[in-house]
Amino acid sequence: MSVDLATVKRVARLARIAVSEEEAQRMMGELNGILGFVEQLSEVDVAGVEPMTSVTPMAMKKREDVVSDGNKAEDIVANAPVTDRNFFLVPKVVE
Amino acid sequence: MTDLTRLTIAEARTKLAAKEITAVELTEAYLGAIEAANEAINAYVVVTPEKAREMAKASDARIAAGKAGALEGIPLGIKDLFATEGVHTQACSHILDGFKPRYESTVTQNLWNDGAVMLGKLNMDEFAMGSSNETSYYGVVKNPWRANGSNLDLVPGGSSGGSAAAVAAFLCAGATATDTGGSIRQPAAFTGTVGIKPTYGRCSRWGTVAFASSLDQAGPIARDVRDAAILLKSMASVDAKDTTSVDLPVPDYEASLGQSLKGMRIGIPKEYRVDGMPEEIETLWQQGIAWLRDAGAEIVDISLPHTKYALPAYYIVAPAEASSNLARYDGVRYGLRVDGKDIADMYEKTRAAGFGTEVKRRIMIGTYVLSAGYYDAYYLQAQKVRTLIKRDFELAFHAGVDAILTPATPSSAFGIADEDLASDPVKMYLNDIFTVTVNMAGLPGIAVPAGLDHKGLPLGLQLIGKPFEEETLFKTAHVIEQAAGRFTPAKWW
């Protein structure tokens, strides 16, 4: 499988990365190179093989359903680029 | 006075305990070395001298009070991927500009609890994506090693290039690193240092910037096998904050050094001979086999038939996980923000400006392979191949193999801005061909220096072990180290 320019732009949009026409062109070549490299996986017979979901055969650890952390609003917003009274500020999303 | 930076961790530990040196003296020696060398090597992106002096002073007080921890007063460098409270933590990316976490990663907290001293944060490939440390927002790291009679700068490998270079250039006593596809073992091999990626689940991932969560593991890079064993003992733990942390006690790895290899079976996988691999790597491998045989191990030929599919499967699984993990960098909660006409435009502009070329490339691949219509053909297929790769190892271990010996890398360190590698991303990816299988199977792997090539550059061998049998790797690597000796670069910086 290979990707065309329209697909590159669509994927960039999905990934929320702005790309120029020039970058999209370059990425198309690189992505096709990588996709060509991974193409060889299709020759592996995987009939009856389960996909790996965990490298270690263990049940996921679960913690008790209790509040164990919190009241750290200031810590949480401390690194945000724009905040107001412990809220994150973003451009307007509703009219 | 002798140069204190030349002491191994084990040697410094003895001298500190005997009060022949103080932690403050040791830390000052390293701070002086960093000041003199970092401009040339670029291993550190941030040096924290005040914090280091304060921690060293506290170490001296604890030593005086007879309350020294296992790493008391030992100055370490920390890869920029580990969250360090109040200190620059950016995974060497522009998108995390100014990020200073309000918390400490479990791995680094474990080190400080044992008395270690932080010297600063180490350079790395952006978000640990790279094999040469050239994708860092903070510039390339120079390998302390140069070819005989050459003044050409070489890469230290990656992604833990700063960690490996700092250890090799005596700019820290040891360093933390992480390994997703070879990022501890390949730079260790390129710099003549020892690096171990422990079993997945051995070191907590809590507070470590995520790249590919099912593959990422922390481990140390050190001057020798003993120091690596000492560091891993402190880094590893059982951690309730990481659901993939395994409930097994951490053994005393150092105690395994010097144990006999008699009765051990070492597997030699035929699939680790690749086209175009230099003859001297094959020779080195044969030398390693001879050393282990001389030490009493039995050598057996094995087959790991799905080896060649590990790298292509990795380049689906790792980018897929990365595209998901890196979705959090949106210009809202931390780091860089570039304003746009609406929120989507802000996201797109922020991510376009904040991520480097290699990171964007991997996010794009990951987004594509996870997108509607392609998931089964790529991602699901890769996860099934991953099961087969793991099964290859399980069959070998089941047949009685205790550890597997391979070359660590297909070449020695290459030049900075190598045109051949820059023009083709896949060529750069091939650097990890011997290391990536280990991550795909979640196994422990250690890279140990075994010799120099004809250019005088270090080459490493890799040992792969059964899950949670790091002790086997340490004792076997120690035998190689005893036979090969240690390798130190000639100082040019």
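# Chains A and B: contacts and salt bridges

Guide: In this predicted model, Glu254(B) and Arg13(B) form a salt bridge between their side chains, at 2.8 Å from N to O.

Visitor: Where do those two sit in the chain?

Guide: Glu254(B) is in the loop between α7 (225–235) and β7 (265–269) of chain B, while Arg13(B) belongs to helix α1 (residues 9–17) of chain B. The pair links distant parts of the chain, 241 residues apart.

Visitor: And is Glu254(B) buried or exposed? What about Arg13(B)?

Guide: Glu254(B) counts as buried, at 17% relative accessibility. Arg13(B) is partly exposed, with a relative accessible area of 31%.

Visitor: Which residues make up a network of salt bridges that share partners?

Guide: Arg26(A), Glu30(A), Glu358(B), Arg361(B) and Arg362(B) are joined into one network.

Visitor: Take the chain A part. How do Arg26(A) and Glu30(A) meet?

Guide: Their side chains make a salt bridge of 3.3 Å, N to O. Both are in helix α2 of chain A, and because they are 4 residues apart there, about one helical turn separates them. Arg26(A) is partly exposed at 38% relative accessibility, whereas Glu30(A) is buried at 15%.

Visitor: What does Glu30(A) pair with in chain B?

Guide: With Arg361(B): the two side chains meet in a salt bridge of 2.9 Å, N to O.

Visitor: How many salt bridges cross the interface of chain A and chain B?

Guide: The rule finds 6 across that interface. Over all chains, the count comes to 30.

Visitor: What about polar contacts between the chains?

Guide: There are 18 residue pairs in polar contact between chain A and chain B, counting pairs with both residues at pLDDT 80 or more.

Visitor: Which elements of chain A give two or more residues to that side?

Guide: Those are α1 (5–14) and α2 (21–38) of chain A. α2(A) gives the most, with 10 residues.

Visitor: How do the residues on that side divide by type?

Guide: They split into 33 nonpolar, 6 polar and 12 charged.

Visitor: How many residues does each chain bring to the contact, and what area is buried?

Guide: Chain A brings 51 residues and chain B brings 68 residues. The area buried between them is about 5200 Å², and carbon and sulfur atoms give 70% of that.

Visitor: Back to chain A for a moment. What does Asp69(A) meet in a salt bridge?

Guide: Its partner is Lys72(A), at 2.9 Å from N to O between the side chains. Asp69(A) is exposed, with a relative accessible area of 55%, and Lys72(A) is partly exposed at 38% relative accessibility.

Visitor: Changing topic: how many disulfides are there over all chains?

Guide: The search of the whole structure finds 0.

Visitor: Why is there no bond for Cys172(B)?

Guide: The closest cysteine sulfur, in Cys92(B), is 14 Å from the sulfur of Cys172(B), so it is too far for a bond. The cut-off for a disulfide is sulfur atoms within 2.5 Å. Cys172(B) is itself buried, with a relative accessible area of 0%.

Visitor: And Cys203(B), how far is its closest cysteine sulfur?

Guide: The sulfur of Cys203(B) is 17 Å from the closest one, which is in Cys172(B), and that is also too far for a bond. Cys203(B) counts as buried at 0% relative accessibility.

Visitor: Next one, Ser59(B). Where does Ser59(B) lie?

Guide: Ser59(B) lies in helix α3 (residues 49–64) of chain B. Ser59(B) counts as buried, at 0% relative accessibility.

Visitor: What is Ser59(B) in contact with, leaving aside its neighbours within four places in sequence?

Guide: With that exclusion, Ser59(B) is in contact with Ala23(B), Glu72(B), Gly73(B), Gly115(B) and Val117(B). The Glu72(B) contact includes a polar one, with the side chains joined at 2.7 Å.

Visitor: How far apart are Ser59(B) and Thr22(B) in space?

Guide: They are 8.7 Å apart, C-alpha to C-alpha, and 37 residues apart in sequence.

Visitor: Last one: which helix holds Thr476(B), and is Thr476(B) buried or exposed?

Guide: Thr476(B) is in helix α16 (residues 470–484) of chain B, and Thr476(B) counts as buried at 0% relative accessibility. Leaving aside neighbours within four places in sequence, Thr476(B) is in contact with Leu261(B), Met264(B), Ile266(B), Leu292(B) and Leu463(B).

Definitions and conventions: Residues are numbered from 1 along each chain as its sequence is written. Chains are lettered from A and ligands numbered from 1 in the order in which they are written. Side-chain values use heavy atoms; hydrogens and water are left out. Contact means heavy atoms within 4.5 Å. Buried area is the accessible area (1.4 Å probe) that two parts lose on being put together, summed over both. A salt bridge is a side-chain nitrogen of Lys or Arg within 4 Å of a carboxyl oxygen of Asp or Glu. A polar contact is a pair of N or O atoms within 3.5 Å; within protein, one must be able to donate a hydrogen and the other to accept it, and residues adjacent in sequence count only if both atoms are side-chain atoms. Ala, Val, Leu, Ile, Met, Phe, Trp, Tyr, Cys and Pro count as nonpolar, Asp, Glu, Lys and Arg as charged, and the others, Gly among them, as polar. Buried means under 20% relative accessible area, exposed over 50%, partly exposed in between (1.4 Å probe, protein chains only).
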